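Here is a set of short exercises to help you find your way around a new structure. Try each task on your own before you read the solution.

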Amino acid sequence: MIATKAYAAQDPKSPLGPFSLERRNPGPKDVQIEILYCGVCHSDIHQVRDEWGGSIFPMVPGHEIVGRVTNVGTEVTKFKVGDLAGVGCFVDSCRTCENCKSGIEQYCEEGMVGTYNGRERGTNAPTYGGYSTQIVVDEQYTLRISDKLPLAGVAPLLCAGITTYSPLRHVGVTKGHRVAVLGLGGLGHMAVKFAASFGAEVTMLSSSPSKEADAKKLGAHHFALTSDANTMKKLQNHFDFILNTVSAPHDYSTYLNLLRTNGTMIVVGVPPSPSEVPAFNLIMKRRSIIGSLIGGIKETQEMLDYCAEHNIVSDVEVIPMQQINEAYERMLKADVRYRFVIDLASLK
Ligand code: NAP
Ligand code: ZN
Ligand code: ZN
């Protein structure tokens, strides 16, 4: 077994603190990765605080992992020692259901195995995430990482990146579409970059006036303050797509009204409590709401390669592990610009 330093939450009410765990020795198909950077996703906060129910403690969060391969199993073909590697939101799935076979393992009919707050298939052992110095993962669930991009900015692509890339591709966002991104945090800033890169006319819908200049720098063509009733009125029946990334409870109907005929709201944010969807807001313009969960391994690799080709990374604030609790507090106040990334050198 491989002794590994980490940070964990012991229960939903306590701050995260130092923790030790053991990783399995690499099996024939496993890669062992020394973690260099791990992004901080709002899903980490929801799960640490058990806002979605069913959290497993102690919990070592973290599913935006990049690092260097230090050991490979005898049958590994995709990696060699010294390569960069990434791990996203899941580390296993059934591999045999229709969804797994068609490369959308995130929708595995038996349930994907989360990188943390999950249970390993077979052993039922809890999984521990990237707020740690090492991880061992089957190569089939490990991503290749280009050495062209700054590594700290690549880490958030493994969740914030793929979670926004995948639905924008799925609905076919392209030139001529008006796309709104609701909520400028980790997911939101990646959504702006991708939607602009795909050629759409992008509007940032934000509750934070202080983010206007940044939104434009990220690639948004317009910025609208959601608290400004006049602006919101002007934007009625305006957008083809709204990508909703908001983490806190909010009213869907206000934003549904901003969709034009046949427009679609794509829900990726997961507030702890349900939101009402009034039938009239849908039927009067044949609008729809769809949801989307991260992305499969194949599409995650495609997204990483796209980012390497187009020079796209996340805008990050790098922090030592010891500042994680303050980072959570700032994220809860919508004060993140635009992803915290932990430098795991701080744990060594
Ligand atoms: P984040 O960085 O904390 O950003 C959330 C943003 O929501 C804030 O920056 C803020 O933007 C906006 N917001 C509006 N009202 C808010 C309020 N009352 N309190 C706090 N923020 C408010 O979060 P994230 O990491 O991007 O994650 C966003 C959501 O997506 C979370 O619920 C997360 O669990 C979920 N998620 C889903 C998937 C998936 O597969 N579907 C994957 C990853 C994450 P403004 O200041 O611009 O208003
Ligand atoms: Zn995430
Ligand atoms: Zn499956």
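**Exercise 1. An unusual backbone angle**

In which loop is the place of Arg-95? Work out the setting of Arg-95, then look at its phi angle.

Solution. Keep in mind that this is a predicted model.
- Step one: find the neighbouring elements. Arg-95 sits in the loop that runs between strand S6 (90-92) and helix H2 (98-101).
- Step two: check the backbone. Arg-95 is not a glycine, yet its phi is positive, at about 70 degrees.
- Step three: put that in context. Most residues other than glycine have a negative phi.
- Step four: judge the exposure. Arg-95 has a relative accessibility of 32%, so it counts as partly exposed, given that this class runs between 20% and 50%.

**Exercise 2. A second case**

Is Asn-117 buried, partly exposed or exposed? Say where Asn-117 lies as well.

Solution.
- Step one: place the residue. Asn-117 is in the loop between strand S7 (113-114) and strand S8 (134-138).
- Step two: look at phi. Asn-117 also isn't a glycine, and its phi is positive, about 55 degrees.
- Step three: apply the cut-off. Buried means under 20% relative accessible area. Asn-117 comes in at 18% relative accessibility, so it counts as buried.

**Exercise 3. Cis peptide bonds**

Take the peptide bonds from Phe-57 to Pro-58 and from Arg-337 to Tyr-338. Are they cis or trans?

Solution.
- Step one: start from the general pattern. Most peptide bonds are trans.
- Step two: read omega for the bond from Phe-57 to Pro-58. Omega is near -5 degrees, and the bond is cis. Pro-58 belongs to the loop between H1 and S4.
- Step three: do it again for the bond from Arg-337 to Tyr-338. That bond is cis too, with omega near -15 degrees. Tyr-338 is in the loop between H11 and strand S17 (339-343).

**Exercise 4. The zinc site**

Which protein atoms are the donors of the zinc ion (ligand 2)? Then explain what the pair His-63 and Cys-159 ties together.

Solution.
- Step one: list the donors. They are Cys-41 through SG, His-63 through NE2 and Cys-159 through SG, and they lie 2.0 to 2.3 Å from the zinc ion.
- Step two: write their spacing along the chain, which is C-x21-H-x95-C.
- Step three: locate the pair. His-63 is in the loop between helix H1 (42-48) and strand S4 (65-72), while Cys-159 is in the loop between helix H3 (151-154) and helix H4 (160-170), so the two tie together parts that are 96 residues apart in sequence.
- Step four: check exposure. With 7% relative accessibility, His-63 counts as buried. Cys-159 counts as buried as well, at 5%.

**Exercise 5. The surroundings of ligand 1**

How many residues surround ligand 1, and which are the closest? Add some polar pairs and say which elements contribute to the shell.

Solution.
- Step one: count the shell. There are 31 residues around ligand 1, and the closest are His-42, Ser-206, Ser-207, Ser-208 and Arg-339.
- Step two: go through the oxygen atoms. One oxygen atom of ligand 1 is 2.8 Å from an N or O atom in the side chain of Ser-43. An oxygen atom of ligand 1 is also 2.7 Å from a polar backbone atom of Leu-184.
- Step three: turn to nitrogen. A nitrogen atom of ligand 1 lies 3.0 Å from a backbone N or O atom of Val-268.
- Step four: see how much is covered. On its own, ligand 1 has 920 Å² of accessible area, and the protein covers 89% of it.
- Step five: name the space. Ligand 1 takes up the largest pocket. The elements that give two or more residues to its shell are H1, helix H5 (186-197) and helix H11 (324-332). H1 provides the largest share, three residues.

**Exercise 6. A strand residue and its contact**

Which side chain makes a polar contact with the side chain of Thr-264?

Solution.
- Step one: place Thr-264, which is in strand S14 (residues 259-267).
- Step two: check exposure. Thr-264 has a relative accessible area of 10%, so it is buried.
- Step three: name the partner. The side chain of Ser-288 makes the polar contact, at 3.4 Å.

Conventions. Residues numbered from 1 in each chain as written. Chains lettered and ligands numbered in written order. Predicted model: local features only at pLDDT ≥ 70, side-chain atom pairs only at ≥ 80, totals over all residues. Heavy atoms only, no water. Donors = N, O, S within 2.8 Å, 3.2 Å for Na, K, Ca; no water. Helix = DSSP H or I, 4+ residues; strand = E, 2+ residues; numbered from the N terminus. Buried < 20%, exposed > 50% of the residue type's maximum accessible area, 1.4 Å probe, protein only. Near = heavy atom within 4 Å. Polar contact = N/O pair within 3.5 Å; in protein donor to acceptor, adjacent residues only side chain to side chain. Areas by Shrake-Rupley, 256 points an atom, 1.4 Å probe, with all protein chains shown as cover. 1 Å grid on protein atoms, 1.4 Å probe; cavity = no way out; pocket = protein on both sides within 12 Å on 5 of 7 lines; lining within 4 Å. Sits in = over half its atoms within 2 Å of the grid points.
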